[in-house]
Every structure is written in C-alpha cells, then in structure tokens.
Amino acid sequence: MNFFDKLGKKASKTYQVTKEKAASLSEELKLKGKISDLKNKIDDLYTEIGKIVYNEVKDGKDVSKEEVTAKCDEISKAKDEIAKIETEILALKKAKKCVNCGEELDLSDSFCCKCGKEQPKQEKVEVKEEPAEAKEAEVIEVNDVENTENSSNENNEEHHEENNNNQENN
Ligand SMILES: [Zn+2]
C-alpha cells in the first residue's frame, strides 16, 4: 500500500516535468518553423533579385537599383527576424552560444566543450555613479549667473529715479 502510494506520487511528479518539457519543446518547434519559413522567403528573394539582374543585363539595360535595393532590405529584415527568434529559442532552452564557434552551451558553462574558448561571465553590468564632475560643472554655472545679475542691477536703479521725477511734474 505504502509502496504504491510513493510510486504514484513519483509518477505524477515525473509526468509534470515531462509536460513542461513537452510545452517548451513544442514552443521551440513552432519558433524553428518560423525560422525555416523566413529562410525560404530569403531564398525566394535571392532568386527574384537574380531574375531582375539577369533580365536587365541580358537586354543591355542598367540594373534598376531601386528594385534590387528594396529586395535586399527585405532580406536584411528577414535575417534580423531570424536572429531574434534564435535568441528566443536559446532563452527557452536556458542555453547560450559560444562566443568563438557558436556551439550551443549551457548557461552556466565557462568554457566551450567544442573549441575550449573561455566564455564571458554572465554578470549584470553595474551602473557606476560619477557625481564629482557633474557637481563642478554646476558650481561654474551658478557663478556666471551671479556676475550677470550684478551688472544689470545698476541700470534698473537709474530707471526708477526717472519715473519718480515724471510723477512729481504732473
Ligand atoms: Zn566554441
């Protein structure tokens, strides 16, 4: 009785883990499907560019740059998209790529198992505060303001006296 209880618990736990694994695996397959669609699209674009260039060169025309450039831009966009999806897949698998050869490694690996290259440590970048320079700049600005105020005060006093004289005359 006891034995079967334990067995039951263990089995349900294993089942949960496999369920999670299956979910991330199907997500991975979905993303890989997207990548292969994008790769097909890129191949089509290469073919289209080739046809444009061929037809124009064959007829002795100048290659229309605008049309070719538009297709090249589409290829670049698709490549960016693929790179993004590949990053998503790595995050899903909790993996990283070797900085040297691109081999897929575990996030915690410090060396590549294929080429032996040491991997950069995944430490969070600290934000260093540098307030010293900023404070000096502020002080200089304040001094400048004080100087200009002093020179303009004299002019204001002269205006006041003139106004007083006018009022007495009336
Ligand atoms: Zn490597």
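Q: How are the donor residues of the zinc ion spaced in sequence?
A: Donors are N, O and S atoms within 2.8 Å of the metal (3.2 Å for Na, K and Ca), and water is not among the atoms, so sites may look incomplete. Here the spacing is C-x2-C-x10-C-x2-C. Cys-98 lies in the loop between strand E1 (95-97) and strand E2 (104-106), while Cys-112, 14 residues apart from Cys-98, lies in the loop between E2 and helix H3 (131-169). Helices (H or I, at least four residues) and strands (E, at least two) are DSSP runs, numbered from the N terminus.

Q: What kind of model is this, and how is it numbered?
A: This is a predicted model, where local features need pLDDT of at least 70 and side-chain atom pairs count only at pLDDT 80 or more, while totals for chains, interfaces and linings use all residues. Residues are numbered from 1 along each chain as its sequence is written, and side-chain values use heavy atoms, leaving out hydrogens and water.

Q: Which atoms coordinate the zinc ion?
A: The SG atoms of Cys-98, Cys-101, Cys-112 and Cys-115 do, at 2.3 Å.

Q: Why is the arrangement tetrahedral?
A: Four donors count as tetrahedral if all angles lie between 85 and 135 degrees. Here the angles are 107 to 117°, so the arrangement fits.

Q: Is Cys-98 buried or exposed?
A: Buried means under 20% relative accessible area, exposed over 50%, partly exposed in between (1.4 Å probe, protein chains only). Cys-98 is buried at 5%, and Cys-112 is buried at 6%. Cys-115, at 35%, is partly exposed.

Q: In what order do the helices and strands come?
A: Along the sequence, the pattern is α-α-β-β-α, with three helices and two strands.

Technical notes:
Four donors count as tetrahedral if all angles lie between 85 and 135 degrees; four count as square planar and six as octahedral if opposite donors are over 155 degrees apart and all others between 65 and 115; anything else is irregular.
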